[in-house]
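Thanks for sending this one over. Here are a few notes to read with the viewer open.

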Amino acid sequence: MTAVRPVPVPPREYHFPRFERLTLSNGLRIIVAPARKLPIVTVLAVVDAPAVKESSGEEGLAELTAVALREGTKLRNGSEILEDGERLGTSIECGADWDRSILSMTLLKERLEPGFALFSDVLTAPEFPTHEVERLKAERVAERLQIIAEPRGLADEAFSRFVYSPESRYSEPLAGRTGSVTTLTTDSLRRFYSANYSPFGTTMIIVGDISTDEAVTLLSSSLDGWKAGDAVRANVNASQLRSSRGMELIAKAEAAQAEIRLGHVGIPRKNPDYFPIVVMNSVLGGLFSSRINLNLREKHGYTYGASSYFDWRRNAGPFVVSTAVQSEVVGAAIRETLTEIDRMREEAISEEELSLATSYLAGVFPIRYETTGAIASALAALEVFELPDDFYDGYRDAIRAVSTTDVLEAARKYVDVNRLQIVVVGPKETVESQMEPLPFGDLSVREPIES
Amino acid sequence: MRIPIETFQLDNGLFVTLSPDRTAPIIAVNIWYHVGSANEKPGRTGFAHLFEHMLFQGSKNVGSNEHFELIQRAGGTLNGSTWLERTNYFETVPSNHLALVLWLEADRMGALLPAMTQEKLDTQRDVVKNERRWSVDNQPYGTWWEKLPALTYPEWHPFHHSLIGSMEDLSAASLEDVQEFFTCYYTPDNAVLSIAGDIDAGETTQLVQKYFGGISRGQERPALAPMDLPATFGSRLHRTVEDEVSLPRLYLAFRSPVFGSDEYYAASTCSAILGMKRGSRLHKSLVRERQIATDASSFTFDLTQGADLLVTDVTARPEVTPGQLEKEVEAQIAALLDDGVKEGELERAIALIETDMIAAMQSASERADRLSMFATYFRNPELLNEQAERYRSVTVEQVNAFVREHLIEENRASLLFVPAVKTDASVKSEAVGQ
């Protein structure tokens, strides 16, 4: 033990894994990143089949299509796909996002060849058998019942619905509601698939114990013959429902705590002020040592944790402060949060706060990319957000270049106190009277509903 | 695949494992203290976990909340966690900050108490109470964490009581308790330090000696209450819980051989056959084929003393009653008892376990944590390199022997969550209560 604090030695150099790009004759894009530490490979397909391409009333179609891919092809039924994969020690994970659908698998190098044959079969030749689609729909309906009973998920969903205008796809849950999911049919899935899954709209990413040549041979042998379909337009509406402040309480009688969401419609990912915004948010609520968490948790003991984030999407995702507090202190916790937001916009942060955020963000960068899965996801983000190939190489310098003035400007420009919306899920009898005096207009109170 | 492992022990008893890997300039530091909720005194449930929070409140040379700040400023991540048999603390940082992490960990191991105040304890007590509300009380099925051990371990057993603790016991915890717990359990001879990643073994050994060498060994620790238990429950156990949930859920648990024993590998493989991923027995039969469940999985607690638990966890479809759910799950267990597992099921399970193990080794933090685990429980971190082989040598006969001995009727405990029925009567009684 010693009272003398150690000083760091000079850092060792790090760079994001090198990767190569290629394009097959049918338009399929390929990214290969050899990372040969362990005998393991991650295969990931990013497909331009996002939830924002669903028509109104078909919410949940992108997600259902993605998970139904692995339920049967011309060659294999759903059980065979599952069993063939798991015997190889892997399974194909599928899902849709606001901006894409993703299929991925991680497996041992020695099992890559049969594993990839399965993967490309699922990606290019799904059949969407009716009985499996109906089962997946029923599972989704059950999941909806679970979400209604779960305060965190309920609060997130209610916030989106309260903040976005009904015309925006973002106002509805990513995977749809009971009402929309039950109307989907095998035909809707086939239509969505043929419109959105094509080599032109797909990037295959391979990361791990493999060379570029090996990867290209593997991919072209099974994906060269994949044919293109027609493209569909996306719903780009991301407008906010109210131009002034608003608040809502979702009454949940037995709740031991109140879930709070506070924020507004944010900005699209492609923004020239991205780095100042990231640093600003880290100081406000992104880090454990952020202002909001230190205030609500460490100073007042109101909560186990409080954080803020910009949900980055191609279009304007929400800016949200999220926490769960003892029901008796909802009003106080909201006021403390508003104070921290005001303070962020009124005066520049200190140099100490700035350097904490920038040295954290620059320092954890290599820690984020230890696994083949994490590297593949980072490469997928390049594709989805159309970022330059040197984005990760320049990341740490761009973070370190942010100044306290940049942060102040970002807070003033991108956090709008006049448009803030609040949604609370909690017991009406304790929470309502605390919310009513808040300067957020009339309080609307409703029950959790599903339609 | 083997990862390099070196071990040594300081004179004060601190057991150290090192695992160099210079692929990326990052290191993971991980300390396991061999103390968990099993060591708590009566009337102090939740104390081991509350104490974990206090370890982030500063020490002799470190200010309150400075631990978090210094690690984050270094570009690192950190946390701690409490379990029935151990508490761990861990950081991953750029490798040029190794000395800082060792200094911080040594300062709180050697001199926590000068920084402890009543005010800090009171705040963290509130934080932990909110953690309990958030993760247990306000989560559908959230109380299963304390109800299942309560149902399956006898009242006198150290694994019986709640890990997160009762509100009443959390309120009762005092600064004297903090002092006593620290002096007793947070000593170098009750800890394992693991460092994985971009290190030079020789330099790191010197740094460990420099920062931890001067910390005194502890006194004798009170022995745990006897842990031994019969191999099975001996009778059918059952508890039904009404909760704010939409769908019935059954936790069906079996007493099972302790983590690390020869039989454990058969039990763990059986658990994977039953409920690891969507191709497992329970998922395939109940979710895909019979379509009475929305989800099914199973896992083991991995406890090393007395007896472990193998738990299956199945959630019903909306139209399925709790009684039906229970019958369907029991029928699957009966089928397993009748037919035994097949070679193909075993191969599937081992292949999945193997991929998981190798994928986990990509992360320095995972490597360090598992080294600490094997060193803490068995004084043998090399066991990490033997796990794949242990699983590969499991036979169908061993799994079936486990099934015959442990999946029997007299060794089943059902914890059944059912949606609370809101009758007029219950609404009235609430009104009267206010």
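The points below take the contact between the chains, then the two sheets.

1. Please keep in mind throughout that this is a predicted model. Everything here is computed from it, with pLDDT of at least 70 needed for local features.

2. A good place to begin is the contact itself, to which chain A gives 76 residues and chain B gives 83 residues. The area buried between chain A and chain B comes to about 6800 Å², and carbon and sulfur atoms account for 56% of that.

3. How many salt bridges cross the interface of chain A and chain B? The rule finds nine. One you may like to zoom in on joins Glu86(A) to Arg348(B), where the closest N and O atoms are 2.3 Å apart. Polar contacts across this interface amount to 40 residue pairs, with both residues at pLDDT 80 or more.

4. On the side of chain A that touches chain B, the elements that each supply at least two residues include helices α2 (78-87) and α5 (151-163) and strands β5 (101-108) and β9 (303-310). Helix α4(A) gives the largest share, eight residues. By type, this side of chain A divides into 36 nonpolar, 18 polar and 22 charged residues.

5. Now to chain A's open sheet, whose six strands follow the order β9-β10-β8-β11-β7-β12 with mixed pairing. Its edge strands are β9 and β12 (443-446) of chain A, each pairing on one side only. From one strand to the next the twist averages 15 degrees. Within the sheet, β8 (258-265) and β11 (421-426) of chain A pair antiparallel over five bridges, and Arg261(A) has Val423(A) in β11(A) as its bridge partner.

6. Which helix of chain B packs on that sheet of chain A? Look for α4 (118-137) of chain B, which touches β8, β9 and β10 of chain A and makes about 70 degrees with the direction of β9(A).

7. Chain B has an open sheet of five strands, in the order β7-β11-β8-β10-β9, again with mixed pairing. Strands β7 (237-243) and β9 (293-300) of chain B form the edges, and the twist averages 15 degrees from one strand to the next. Five bridges link the antiparallel strands β8 (249-256) and β11 (413-419) of chain B; in β11(B), Ala413(B) is the bridge partner of Ala253(B).

8. Two helices of chain B are worth following against this sheet. Helix α5 (144-152) of chain B packs on the sheet, touching β7, β8, β9, β10 and β11 of chain B, at about 145 degrees to β11(B). Helix α10 (281-289) of chain B lies across β9 and β10 of chain B and runs at about 165 degrees to β9(B).

Technical notes
Residues numbered from 1 in each chain as written. Chains lettered and ligands numbered in written order. Predicted model: local features only at pLDDT ≥ 70, side-chain atom pairs only at ≥ 80, totals over all residues. Heavy atoms only, no water. Contact = heavy atoms within 4.5 Å. Buried area = accessible area lost by both parts, 1.4 Å probe. Salt bridge = Lys/Arg side-chain N within 4 Å of Asp/Glu carboxyl O. Polar contact = N/O pair within 3.5 Å; in protein donor to acceptor, adjacent residues only side chain to side chain. Helix = DSSP H or I, 4+ residues; strand = E, 2+ residues; numbered from the N terminus. Nonpolar A, V, L, I, M, F, W, Y, C, P; charged D, E, K, R; others polar. Pairing = 2+ DSSP bridges. Axes fitted to C-alpha atoms, helices over the stretch in contact; angles between N-to-C directions.
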